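The following exercises concern how a protein encloses a bound molecule. Please work through each task before reading its solution.

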Amino acid sequence: MKIVVIQGPNLNMLGIREQNIYGPMKLEDIHSQMKGFAEQNKNEIEFFQSNLEGEIVDRIQECIGDADGIIINPAAYTHTSIAIRDAISAVQLPTLEVHLSNIYQREEFRHTSLTAPVCAGQITGMGPFGYHLAMVGMTQILNEMKMMKDQQAKAKTAQAK
Ligand code: DQA
């Protein structure tokens, strides 16, 4: 099974930007931990970061037929982007939303997520560990999906006999 991780604007600046909010860890270090976990669970993983809304929409669309699940931190677009929300909704893949900071404890404009309602779940305020939690959650979702598929295939062959 394949997981695509999509990171929104300014997340390429982790380790440099507002360390009091986002901590010292760099995006590449978060990704290498996620890769290790994916490998342990025999899942494929691919990473994508962009500062541009349209590129994020394109990458979500490209997940059709290519990925089984999406982990996304839409960053500031969480609060503004109907286009990203519609793309998540369109691809019909299990999607988990991650935020390093607790968006509900911050400025009021961050309290609304336009994307969370079309995601399977949201993890917010756990720092880089939130990405690990998302990996655990996504692995569980994908395992359940695989089990369902296997059961359906079994039932079909039993019916054909
Ligand atoms: C963020 C929270 C957003 O409000 C903010 O614009 C970000 C990062 C987070 O991970 O905590 O860029 O998504």
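**Exercise 1.** Which residues surround the ligand, and how are they distributed by class?

*Solution.* Note at the outset that the model is predicted. Step one is to list the shell: Arg17, Tyr22, Asn73, Ala75, Ala76, His79, His99, Leu100, Ser101, Ile103, Arg106 and Arg110 surround the ligand. Step two is to sort this shell by class, which gives five nonpolar, four polar and three charged residues.

**Exercise 2.** Identify side chains that place a polar atom beside an oxygen atom of the ligand, and state how much of the ligand the protein buries.

*Solution.* Polar contacts are accepted within 3.5 Å. For Ser101, a polar side-chain atom lies 2.6 Å from a ligand oxygen. For Arg110, the corresponding distance to an oxygen atom of the ligand is 2.9 Å. For Arg17, a polar side-chain atom is found 3.1 Å from an oxygen atom of the ligand. The ligand taken alone exposes 320 Å², and the protein buries 98% of that area.

**Exercise 3.** Where does the ligand sit with respect to the pockets, and what lines that space?

*Solution.* First, locate the ligand: the space it takes is the largest pocket. Second, state the volume of this pocket, about 160 Å³. Third, examine the lining, which comprises 15 residues; Arg17, Tyr22, Ala75, Ala76 and Arg110 lie nearest the centre of the pocket. Finally, classify the lining: seven residues are nonpolar, five are polar and three are charged.

Note on methods
Residues are numbered from 1 along each chain as its sequence is written. This is a predicted model: local features need pLDDT of at least 70, side-chain atom pairs count only at pLDDT 80 or more; totals for chains, interfaces and linings use all residues. Side-chain values use heavy atoms; hydrogens and water are left out. A residue is near a molecule or strand if one of its heavy atoms lies within 4 Å of it. A polar contact is a pair of N or O atoms within 3.5 Å; within protein, one must be able to donate a hydrogen and the other to accept it, and residues adjacent in sequence count only if both atoms are side-chain atoms. Accessible areas come from the Shrake-Rupley method with a 1.4 Å probe; for residues, only the protein chains shown count as cover. On a 1 Å grid over the protein atoms alone, a cavity is a set of points where a 1.4 Å probe fits but cannot get out, and a pocket is an open set with protein on both sides within 12 Å along at least five of seven lines; lining residues have an atom within 4 Å of a point. A molecule sits in a cavity or pocket if more than half of its atoms lie within 2 Å of its grid points. Ala, Val, Leu, Ile, Met, Phe, Trp, Tyr, Cys and Pro count as nonpolar, Asp, Glu, Lys and Arg as charged, and the others, Gly among them, as polar. Grid points are joined across faces, edges and corners, and a volume is the space filled by probe spheres set on the points.
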